[in-house]
Amino acid sequence: MTRRSGWASRSADSSMSPTEAPPDFAARGFVVLPGLLDPGTVQGLGAAVDALIDRLVARSSMTRARWLALIQQVPALAGLDPTLATFQQYSPLVASARAVLQDPGARCVSSSLVLKPPGCSVHLVWHSDRPLWRLDPPDGKALAAWVALDEVGADSGGLRYIPGSHLPGPPSGDEPDAVSPLLAAGDVVLHHADVAHSSGPNRSEAWRRGLVLIFLGSGVRSFA
Ligand SMILES: O=C(O)CCC(=O)C(=O)O
């Protein structure tokens, strides 16, 4: 399998200056940060996620298969697991989000688990996140960090983005222009609150586990 798409060009750089956003993010509305997480962190998060799924299934009245068929998203991770809570402060990720938002006071306000087991048929429709996050002020700086805990190939149901769709003015792209970053476990995609994105079914035989962390600029609040 091709490991990554050709446009995923920027290397992970936790030392990005908070005043210097990568050009990819400004023009496209998203940027891939390959290998941002060290292997030990990826392994620890994966184990924490698997244990959390086991606990949530045990607490439900459902079989594991039924739970996995119904639950694709688990919000408010900080209250559910200490490893996942601590990850919200992971310094390479916080530094990257601050650099991209050009705001040294930006911080993570929440994280969710997004699951697509092998064969998951769920198709997430095109949307942008800003209306869902109910921000104050409404135009405040905000981004999502999509953290790959597994390899994301062409058939895994990974995110698709319409480059430039976050920019003001008439729609700058259409679905045929969409691009899908191919990711390795430990890669991160930062996407703008206004960029259009969707995800398709997981047609592969492998899990697609991801974390979504929301970062807000200084003084910005979310009422979601
Ligand atoms: O992981 C997915 O499939 C969807 C995630 C998403 O839509 C988001 O982060 O806004």
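This report describes the overall build, the ligand shell, one sheet and some backbone details of a predicted model.

## Overall build

The chain contains six helices and 11 strands. Along the principal axes, its C-alpha atoms fill a box of roughly 45 × 35 × 30 Å. A compact globule of 224 residues would have a radius of gyration near 17 Å, and the chain agrees with this, at 17 Å.

Buried residues make up 38% of the 224 in the chain. Among contacts with a separation of 6 or more, 83% are between residues 24 or more positions apart.

## Residues around the ligand

The ligand is surrounded by V114, L124, D129, A144, W146, L159, H197, S199, G210 and V212. Sorted by class, this shell has six nonpolar, three polar and one charged residues.

Several strands contribute to the shell. At least two of its residues come from each of β6 (142-148), β9 (197-199) and β10 (208-216).

## The sheet β4-β9-β7

Three strands make an open sheet, with the order β4-β9-β7 and antiparallel pairing. The edges are β4 (124-127) and β7 (159-161); each has a single partner strand, so one side of each has no neighbour in the sheet. From one strand to the next, the twist averages 20 degrees. In general, the strands of a sheet pair through backbone hydrogen bonds, and the pairing is either parallel or antiparallel.

The antiparallel strands β7 and β9 are joined by three bridges. Here L159 lies opposite S199 of β9. Both L159 and S199 also appear among the residues around the ligand.

## A cis peptide bond

The peptide bond that leads from D136 to P137 is cis, and its omega is near 0 degrees. P137 belongs to the loop that runs between β5 (135-136) and β6. The strand β6 that follows this loop is one of those that supply at least two residues to the ligand shell.

## Positive phi outside glycine

A76 is not a glycine, yet it has a positive phi of about 55 degrees. This residue sits in the loop between β2 (73-74) and α4 (82-87). A residue counts as exposed if 12 or fewer other C-beta atoms lie within 10 Å of its own. A76 has 11 within 10 Å and is therefore exposed.

Q102 also has a positive phi of about 55 degrees without being a glycine. Its place is the loop between α5 (91-101) and β3 (107-116). With 16 other C-beta atoms within 10 Å, Q102 is partly exposed.

## The loop between β7 and β8

P176 lies in the loop that connects β7 and β8 (188-192). P176 counts as exposed because it has 6 C-beta neighbours inside 10 Å.

In sequence, P176 and I162 are 14 residues apart. In space, the C-alpha atoms of P176 and I162 are 8.5 Å apart. The strand β7 before this loop is also an edge strand of the open sheet, where its partner is β9.

Note on methods: Residues are numbered from 1 along each chain as its sequence is written. This is a predicted model: local features need pLDDT of at least 70, side-chain atom pairs count only at pLDDT 80 or more; totals for chains, interfaces and linings use all residues. A residue is near a molecule or strand if its C-beta atom, placed from the backbone, lies within 6 Å of it. Helices (H or I, at least four residues) and strands (E, at least two) are DSSP runs, numbered from the N terminus. Ala, Val, Leu, Ile, Met, Phe, Trp, Tyr, Cys and Pro count as nonpolar, Asp, Glu, Lys and Arg as charged, and the others, Gly among them, as polar. Two strands pair if DSSP finds at least two bridges between them. Axes are lines fitted to C-alpha atoms, for helices over the stretch in contact, and angles run from 0 to 180 degrees between N-to-C directions. A residue is buried if 20 or more other C-beta atoms lie within 10 Å of its own, exposed if 12 or fewer, and partly exposed in between; C-beta atoms are placed from the backbone. The radius of gyration is taken over C-alpha atoms; the globule rule is 2.2 Å times the number of residues to the power 0.38. Two residues are in contact if their C-beta atoms, placed from the backbone, lie within 7 Å.
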